[in-house]
Amino acid sequence: FFFASGGAFGFRYFLFVWSVSRGLTRSRIRVMANDGSSGLDAGGGSHSPRASIDRVSIDQKKVWVCDEEAQRKLASEISRSVGWLGFDMDHTLIEYNVQNLYPLIHDFLVQNIVQQGFPRSHFEVKFDPSCVGKGLILDFGTGDLLQVSEGGEVVAARHGRRTLSRDEIKAKYGNRWKHFDDLKEFRWGGNFNVFLTYFDIPSQYVCQLLTEYYDQKKWFRYDYWPKVLKGFIDNFTPMNFRDKTGMFFPALIKNPQKYIVPRPNVTQWIKNMSRHGSSPRLFLVTNSHVDFADFLMNFSFGKEWKSMFEAVIYFSAKGRGFFSEDPDFIHVDPKDCHCSTQIADPSLGPGNEYIGGSAKVLNDLFVKESSTSSNQPKVCYVGDHLKGDVLLCAVHTEWKTVYIAEELKKEPAEEFRSPEAFLPFFPAESKESEEKQQPSPRSSSRPSPPSQQEQQQTRRTNVCNNGNKSAGRTYFSAVALEYSSAILSSVADMVS
């Protein structure tokens, strides 16, 4: 999503927006790939123009499919219907062991905070995965971690490591979070930060420790987020991987087995599809730089991994330009990929690899390769990044999108559960609400949800209901529903 896995940064490369939108009414909204906000991005790049789109109703209540067989059936229906099947790499084709990944990220952030002058005694505490979760928002004004509903109400909050009561939340935030309009309009720069990836979620615990420290010092301007960002910048730049500096990449290089989950079924599935030469044909688009991507794919898929894909695109800046603009494709410099500058005229073929580029040109190549070039090829892209892999792809292309969310696993790790008193990222929908809803205009062109019988057979684990009987949805789960053709717990669910 960023770093060697992301983009050549400095601070501006970290400034990200998960340009997500909520759709309860049909109105005009603006989507942009980068508005200069603070956060962790999905790749390097410059500012992109805003593009207007129609907001689409998401009143339809789809069921969260927690049963693995139902997920597999839905995914196989999609894969059979498309001619080109594309994948993200990190947390998609490559699955990380989050039980080891989260403490590693926490440790290097703590080390960096201590190097900036904060007392070691306050921050060197064991990482607690029960205190973090996907879709939370850090409010810079209050120092609280918030969860916001699709209507803008703060439904849960933590100040430091303490969960706020409903009365405290009501007194502090009222009926609607005051920055909710900024959230919807993607003005994420000065007032808050959003956590949506498995790389930035663990930093929430350091933020909670910082809030407590600021309270002890009676510093009530919680302006510490740039200090947290510095920890990412000092560990996640592409040069850190090349030079083996920082804490993250050296640990990963030394012991990849500790951090990367073996997936022989996925590896064999990809190999089989590429060997048979039948539809769908495969491509890979990642924000990771060449050397880091090659390291991970070599480890998981073998030395001949590139030949499995008709196109491999590195350093793609999906978060700000790949889907919405038309940047050049660049040849990979075999001597030093970080010095690649030669503009390429891209083509498709096993092992063809480029840096940068755009979905528009890639799609044009798919059209030329299609048996009936007069028709638009059916393309599906699979990824874990709600903004870069799902929202922008759905807004700017005709491709279908599959959102990978490990929270839906049958037996999810504690790292994928929401903190106490917070709604799960994917709350269970009531059967009654599902039956009453009518399909939305956008949903009609997408794969149908499981049948009523399949829904009744679906097993809902704790990650789906978390003991919470509320049928309410968080803002980001509503966005995920609207802009994805399917939501799966893993690429492994696509393997039949």
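This is a guided tour of one protein chain, with suggestions for what to select at each stop and a description of what is there.

**Start with the whole chain**

The structure on your screen is a predicted model, so begin by colouring the chain by pLDDT, the predictor's confidence in each residue. The mean pLDDT of the protein chain is 79, and 73% of its residues reach 70 or more. Now select residues 1-65, over which pLDDT stays under 50, although the model has 274 contacts beyond four places in sequence for this stretch. Then select residues 429-471, where pLDDT again stays under 50, and where the model has 87 contacts beyond four places in sequence.

**The open sheet**

Switch to a cartoon view and look for the open sheet, which is formed by 9 strands in the order β12-β11-β13-β10-β9-β3-β14-β15-β16, with mixed pairing. At the edges stand β12 (343-344) and β16 (486-488), and each has a single partner strand, so one side of each is left without a neighbour in the sheet. As general background, the strands of a sheet pair through backbone hydrogen bonds, and they do so in either a parallel or an antiparallel way.

**Strand β14 and its partners**

Select strand β14, residues 379-383, together with strand β3, residues 84-87, and you will see two strands that pair in the parallel sense over 4 bridges. Within this pairing, Gly-86 stands opposite Tyr-381 in β14, while the bridge partner of Leu-85 is Cys-380.

Next, add strand β15 (residues 400-404), which runs parallel to β14 and is joined to it by 4 bridges. Here the bridge partner of Cys-380 is Lys-400 in β15, so Cys-380 has a bridge partner in β15 as well as one in Leu-85, if we follow what DSSP finds as bridges between strands. If you also show helix α15 (residues 386-396), you can follow the chain through β14, α15 and β15, which together make a right-handed β-α-β unit.

How many residues of β14 are buried? The count is 5 of the 5, so this strand is largely enclosed by the rest of the structure. In a regular strand the side chains alternate between the two faces of the sheet. For β14, show the side chains and compare the two faces: Val-379, Tyr-381 and Gly-383 lie on one side, Cys-380 and Val-382 lie on the other, and all of them are buried.

**The nonpolar cores**

Now select Phe-87, Leu-93, Phe-248, Ile-270 and Phe-309, which touch the most other members among the 86 residues of the largest nonpolar core. The largest share of this core, 10 residues, is supplied by helix α3 (residues 98-115). To see one of these residues in its surroundings, centre the view on Ile-270, which touches Phe-87, Leu-93, Leu-282, Phe-301, Met-308 and Phe-309 when residues up to four places away in sequence are not counted. Apart from this core lies another one, of 33 residues, and you can locate it by selecting Leu-183, Val-395, Tyr-475 and Ile-487, which are among its members.

**A histidine in helix α3**

Return to helix α3 and select His-106, which is found there. Is this histidine buried or exposed? His-106 is buried, with a relative accessible area of 1%. Leaving aside neighbours within four places in sequence, His-106 is in contact with Phe-123, Val-125, Phe-127, Tyr-205, Val-206 and Leu-209.

**Salt bridges**

For the last stop, show the charged side chains, among which the count comes to 21 salt bridges. Select Arg-281 and Glu-369, which form one of them, with their closest N and O atoms 3.2 Å apart. This pair links distant parts of the chain, since Arg-281 lies in strand β9 (residues 281-285) and Glu-369 in helix α14 (residues 359-369), 88 residues apart. Arg-281 is partly exposed, with a relative accessible area of 25%, and Glu-369 is partly exposed at 38%.

Stay with helix α14 and select Asp-364 and Lys-360, whose side chains meet in a salt bridge of 3.7 Å, N to O. Both residues lie in this helix, 4 residues apart, which is about one turn of the helix.

Then move to Arg-242 and Asp-243, whose side chains meet in a salt bridge at 3.1 Å, N to O. Finish by selecting Glu-95, Arg-263, Glu-406 and Lys-409, which are linked in a network of salt bridges.

Definitions and conventions: Residues are numbered from 1 along each chain as its sequence is written. This is a predicted model: local features need pLDDT of at least 70, side-chain atom pairs count only at pLDDT 80 or more; totals for chains, interfaces and linings use all residues. Side-chain values use heavy atoms; hydrogens and water are left out. A nonpolar core is a set of buried Ala, Val, Leu, Ile, Met, Phe, Trp, Tyr and Cys residues joined through side-chain atoms within 4.5 Å. Buried means under 20% relative accessible area, exposed over 50%, partly exposed in between (1.4 Å probe, protein chains only). Contact means heavy atoms within 4.5 Å. pLDDT is the predictor's confidence in each residue, from 0 to 100. A salt bridge is a side-chain nitrogen of Lys or Arg within 4 Å of a carboxyl oxygen of Asp or Glu. A crossover is right-handed if, with the strands pointing away from the viewer, the path from the first strand over the helix to the second runs clockwise.
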